[in-house]
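Colleague: Could you walk me through one part of this model in detail? I would like to follow a single sheet strand by strand, and then hear about the side chains that go with it.

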Amino acid sequence: GWDSANAIALSPDARAVYVTGGVRGTDTRRDIGTIAYDATDGTERWVAYWDGPKQARDSGVAVLVSPDGTRVFVAGRSDQVRGPESFVTIAYDAATGEQLWTQRVNECGHRAVAWAAAQSPDGSAVFVTGWEAGCGRIQARTVALDATTGGLLWSEASSQPVAGYAIAISNGSV
C-alpha cells in the first residue's frame, strides 16, 4: 500500500531495466527499494533495499546506469526521526545488486531533499540536485560525487532562494 516507483532507467545494452522508489519496510517506516529486471521478459534479476540510519522515511527519486553498464546509481532522500533529512546516493553492482558505496550529504544540518541526478558522459562523476533548508533560506544544492568511490568532489548552493528539481549534462558539463 505504501510502495511507489519513482524512477526507471534502461541499461546501455537495453538488456536490463532498473526501477527505484520507496517501499514499506517490515520494521522500518520506509526504505529505498531498487529492482533490476530482464528487459526482454520482465524476469526479476535482483532486489536491493536501503534503510537510513534512523529507519525513518527513505525514498529513491532517481536511478542511473553507468555508461559501461556495470553500476547502478540511486539518488534519493534519507529522513531521520528528529534529525536532519539528507541527500543520499547509493551505488550498486548492476549484475548482482551488491551495494558498493553510499554517500549522504546535508550541508545545512536541517533538511536536504534530492530530486534529480545525472552522470558525466565518461561515467566518472554522479551529480545530484535538490533543495535544502537551514542555511538561512531554502536554496538549491548540487553535489558531485566520484562514481567509483562515492567521495564528495564538490558541493555548491544557489545564491538565490530557489529549489533544484532537475539536472542535465551538456557537453560534459553540469
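Modeller: Happy to. Let's take the open sheet of four strands, whose order is β9-β10-β11-β12, with antiparallel pairing. Please keep in mind throughout that this is a predicted model. The two edges are β9 (111-119) and β12 (152-157); each has a single partner strand, so one side of each is left without a neighbour in the sheet. On average, neighbouring strands here are turned by 20 degrees against each other, direction ignored. As background, the strands of a sheet pair through backbone hydrogen bonds, either parallel or antiparallel.

Start at the β9 edge. Although β9 has a single partner strand, seven of its nine residues are buried, so β9 is largely enclosed by the rest of the structure. Its partner is β10 (residues 125-133), and the two pair in the antiparallel sense over eight bridges. If you want one bridge to find on screen, look for alanine 112, whose bridge partner in β10 is glutamate 132. Between β9 and β10 there are five residues, and the two strands form a hairpin. In the turn of this hairpin, glycine 123 has a positive phi of about 80 degrees.

That glycine leads us to a side chain on β9. Glutamine 119 lies in this strand, and a polar atom of the glutamine 119 side chain is 3.3 Å from the backbone oxygen of glycine 123. With a relative accessibility of 13%, glutamine 119 falls under the 20% cut-off and therefore counts as buried. Its surroundings are worth a click or two: leaving aside neighbours within four places in sequence, glutamine 119 is in contact with Leu64, Val65, Ser66, Pro67, Phe73, Ala125, Val126, Phe127, Ala147 and Ile169.

Now go back to glutamate 132, the bridge partner of alanine 112. Side chains of opposite charge can pair when their charged atoms come close. Glutamate 132 forms a salt bridge with arginine 141, and the closest N and O atoms are 2.7 Å apart. Are these two residues buried or exposed? Glutamate 132 has a relative accessible area of 1%, so it is buried, and arginine 141, at 8%, is buried too.

The count of salt bridges comes to two. The other one joins aspartate 38 and arginine 45, with 3.4 Å between the closest N and O atoms. Arginine 45 is partly exposed, at a relative accessible area of 40%, whereas arginine 141 is buried.

Moving on to the far edge of our sheet, strand β11 (residues 139-146) and β12 pair in the antiparallel sense over five bridges. A handy marker here is alanine 144, which has tryptophan 154 as its bridge partner in β12.

One of the contacts of glutamine 119 deserves a follow-up, and that is Phe73. The structure holds four aromatic pairs. Among them is the pair of tryptophan 46 and tyrosine 92, which is tilted, with 5.7 Å centre to centre and 40 degrees between the planes. Tryptophan 46 lies in strand β4 and tyrosine 92 in strand β7 (residues 83-93), so this pair ties together parts that are 46 residues apart in sequence. Both rings belong to buried residues: tryptophan 46 has a relative accessible area of 5%, and tyrosine 92 has one of 1%. Phenylalanine 73, our contact of glutamine 119, forms a tilted pair with tryptophan 101, at 6.0 Å centre to centre and 45 degrees between the planes. Phenylalanine 73 sits in strand β6 (residues 71-80) and tryptophan 101 in strand β8 (residues 99-105), so the pair links parts 28 residues apart in sequence. Phenylalanine 73 and tryptophan 101 are both buried. As for tryptophan 46 and tyrosine 92, ring pairs link them with Tyr18 into a cluster.

To retrace the route, begin at the β9 edge and its hairpin with β10, stop at glutamine 119 and its contact with the backbone oxygen of glycine 123, then follow glutamate 132 to its salt bridge with arginine 141. From there, the bridges between β11 and β12 take you to the other edge.

Note on methods
Residues numbered from 1 in each chain as written. Predicted model: local features only at pLDDT ≥ 70, side-chain atom pairs only at ≥ 80, totals over all residues. Heavy atoms only, no water. Pairing = 2+ DSSP bridges. Axes fitted to C-alpha atoms, helices over the stretch in contact; angles between N-to-C directions. Buried < 20%, exposed > 50% of the residue type's maximum accessible area, 1.4 Å probe, protein only. Polar contact = N/O pair within 3.5 Å; in protein donor to acceptor, adjacent residues only side chain to side chain. Contact = heavy atoms within 4.5 Å. Phe/Tyr/Trp six-rings, centres within 6.5 Å; stacked < 30°, edge-to-face > 60°. Salt bridge = Lys/Arg side-chain N within 4 Å of Asp/Glu carboxyl O.
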